[in-house]
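Got the viewer open? Let's take a walk through this one, selecting a piece at a time and looking at what sits around it.

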Amino acid sequence: MTRKRGGGGGGRRRKDAAGDPQPVADTAPAPTVAAADPPTPEPALAAPAPVDVPRPDPAAAAPQPAPTWMLYGANGYTGRLVLAEALRRGLRPIVAGRRAPEVEALAAAHGLPARSFDLSSPATLRATLDGVSLVLHCAGPFSATCAPMLEACLAAGAHYVDITGEIDVFAHCHAQDARARERGITVLPGAGFDVVPTDSLAALLAREAAAPRELVLAFEAGGGPSPGTARTSVEGLARGGRVRRGGALVDVPLAWKERAFARDGVPRAATTIPWGDVYTAHITTGAPDIEVYMTLPPATIARLRRWRWLAPLAGFGPLRRWLAGRAGAVPGPSDERRASSGCHVWGELRDAAGTLHRAELDTPNGYDVTAWCAVGIVERLLREPPREGGYRTPSQWMGADWILSMPGVRLVRAEPVREETG
Ligand SMILES: NC(=O)c1ccc[n+]([C@@H]2O[C@H](COP(=O)([O-])OP(=O)(O)OC[C@H]3O[C@@H](n4cnc5c(N)ncnc54)[C@H](OP(=O)(O)O)[C@@H]3O)[C@@H](O)[C@H]2O)c1
């Protein structure tokens with residue numbers, strides 16, 4: 001059972017000329033998320049007891065057909081890894097995406113059904129999801145693709161899972177919580193490296209903390225980006241940085257803060273980035289102040305700071321498309337590169353009593369983590385659909401410890417170190 005934590009709360013803040021964060025309205029107000037699986041109320045006794053003893057239904061004992069689920073964006077770099085992981089586990093999705101030749105060839109190679117469609121027509125999208133019980137959405141940037149797919153899932157009564165890391169997309173999904181509850185579907189964005197390991201580490205730390213106050217998460221990602229990650233990062237450049245303060249999302253400049261995190265005793269330079277946990281860790285832990293850092297070479301951090309003035313320009317359509325096109329030309333890490341690279345995650349949580357709880361995680365390459373986590377989350381949703389619908393963070397659905405069961409994942413400090421900060 002997961003516990004209830006506060007919703008997004010309050011307005012986002014923008015920095016004023018003096019550099020102090022000022023509140024502005026959230027693009028999507030975050031409703032409070034109630035605890036997952038609250039006690040089911042007793043059903044009212046309406047029907048009289050039947051006179052005849054019902055005979056057992058032979059069909060009820062027969063094996064049920066596997067629920068039908070769809071992998072959208074299956075032909076992308078990450079979609080292909082996710083498909084391979086699904087097949088490894090014996091799960092057979094409908095292979096879907098907008099590019100018919102690629103989607104059909106991929107489906108045919110594995111003897112799977114294919115559906116090709118883009119996301120422009122709500123009616124087509126809705127009809128395409130007929131009979132589908134879950135969509136795993138891997139087509140991003142999700143700023144463009146989440147809303148139409150989520151609407152179709154709400155209409156069709158299909159669970160929605162994606163691999164976004166975009167704060168505004170989390171906010172949009174969270175804002176659909178009440179509709180998802182009403183429809184009885186689970187909405188679970190962030191089923192990849194962003195945010196499963198960090199969300200799980202935050203939840204592990206929150207278990208120890210009396211009342212979480214300040215959460216700092218950081219990661220080092222080896223192996224290089226995929227085309228989609230590179231394209232989505234360009235959008236992030238235009239949006240600037242974000243952190244949580246007093247429960248609200250606050251706009252800050254790119255590479256706002258810099259600090260070091262030690263890995264095996266060696267300090268790594270890192271800077272704040274608008275990672276998905278700025279949104280989700282607040283729901284998972286209730287911590288009102290959240291910062292997420294990424295390790296980068298000091299020269300790259302300095303360059304990001306020099307690019308601050310470019311951020312508004314990067315929001316200009318033609319320039320953004322040009323930048324995204326260039327960024328998206330990367331091929332993504334090869335199998336060998338992924339196998340020889342990994343990630344490291346740091347978590348620090350200060351509670352209301354001034355105690356600092358710390359832990360670290362080693363994980364395989366982020367794209368392998370994404371495939372393993374997204375498919376694991378789908379597998380469980382198909383096998384044990386929750387009694388109640390609604391928005392969930394990964395650790396709310398899978399539990400904080402689940403990530404530790406992934407081969408190659410290691411909790412570096414089993415017991416968080418506590419420091420009295422006074
Ligand atoms: N959470 C995480 O840790 C994590 C990990 C990996 C990836 N991601 C995210 O996942 C997304 C995909 O990454 P990737 O590297 O797999 O990218 P990719 O190789 O470029 O593939 C992108 C996929 O999305 C489809 N697509 C893009 N825009 C679309 C649109 N408007 N409508 C319909 N389909 C669209 C593409 O279809 P076409 O082939 O037809 O263009 C393709 O199937 C990115 O947003 C990335 O940031 C997140």
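Here is a tour of the ligand site, two helices and a glycine. Keep in mind as you click around that this is a predicted model.

**Stop 1: the ligand**

Select the ligand and bring up its surroundings: 33 residues form the shell. Gly76, Gly140, Gly192, Ser226 and Gly228 are the closest of them. Now color the shell by class, and you should get 18 polar, eleven nonpolar and four charged residues.

Next, color by domain. Domain 1 covers 66-192 + 370-398 and domain 2 covers 196-365 + 403-420; both give residues to the shell, so the ligand lies between them.

Which helices supply at least two residues of the shell each? Highlight helix 2 (77-88), helix 5, helix 9 (227-239) and helix 15 (366-383) to see them. Helix 9 has the largest share, with four residues.

**Stop 2: helix 5**

Stay with one of those helices and select residues 142-156, which make up helix 5. Try the distance tool on its end C-alpha atoms: they are 20 Å apart. At 1.5 Å a residue, the 15 residues should span 21 Å, so the two values agree.

Show the side chains of Phe142, Thr145, Cys146, Met149, Leu150, Ala152, Cys153 and Ala156, the buried residues of this helix. Turn the view to look down the helix axis: these buried residues fall within an arc of 165°, so they line one face.

What do the buried residues of helix 5 pack against? Three strands from this list are strand 3 (69-72), strand 6 (134-137) and strand 7 (159-162). Add strand 8 (186-188), along with helix 4 (122-128) and helix 6 (167-175), and you have the set.

Before leaving, click on Gly157, just after helix 5, where phi is positive at about 75°.

**Stop 3: helix 6**

Move on to helix 6, one of the packing partners of helix 5. Helix 6 is mostly covered, with eight of its nine residues buried. Select Ile167, Asp168, Val169, Phe170, Ala171, His172, Cys173 and His174 to light up the buried ones.

**Stop 4: Gly241**

Finally, jump to Gly241 in strand 10 (residues 241-245). Is Gly241 buried or exposed? It has 25 other C-beta atoms within 10 Å, and 20 or more count as buried, so Gly241 is buried.

Leaving aside residues up to four places away in sequence, Gly241 touches Val252, Pro253, Leu254, Trp256, Thr272, Ile273 and Pro274. Pick out Pro253: twelve residues from Gly241 along the chain, its C-alpha atom is separated from that of Gly241 by 5.2 Å.

Terms used
Residues are numbered from 1 along each chain as its sequence is written. This is a predicted model: local features need pLDDT of at least 70, side-chain atom pairs count only at pLDDT 80 or more; totals for chains, interfaces and linings use all residues. The expected span of a helix is 1.5 Å times one less than its number of residues. A residue is buried if 20 or more other C-beta atoms lie within 10 Å of its own, exposed if 12 or fewer, and partly exposed in between; C-beta atoms are placed from the backbone. The arc is that of the directions from the helix axis to the C-beta atoms. Two residues are in contact if their C-beta atoms, placed from the backbone, lie within 7 Å. A residue is near a molecule or strand if its C-beta atom, placed from the backbone, lies within 6 Å of it. Ala, Val, Leu, Ile, Met, Phe, Trp, Tyr, Cys and Pro count as nonpolar, Asp, Glu, Lys and Arg as charged, and the others, Gly among them, as polar. Domain bounds come from an automatic or database domain assignment.
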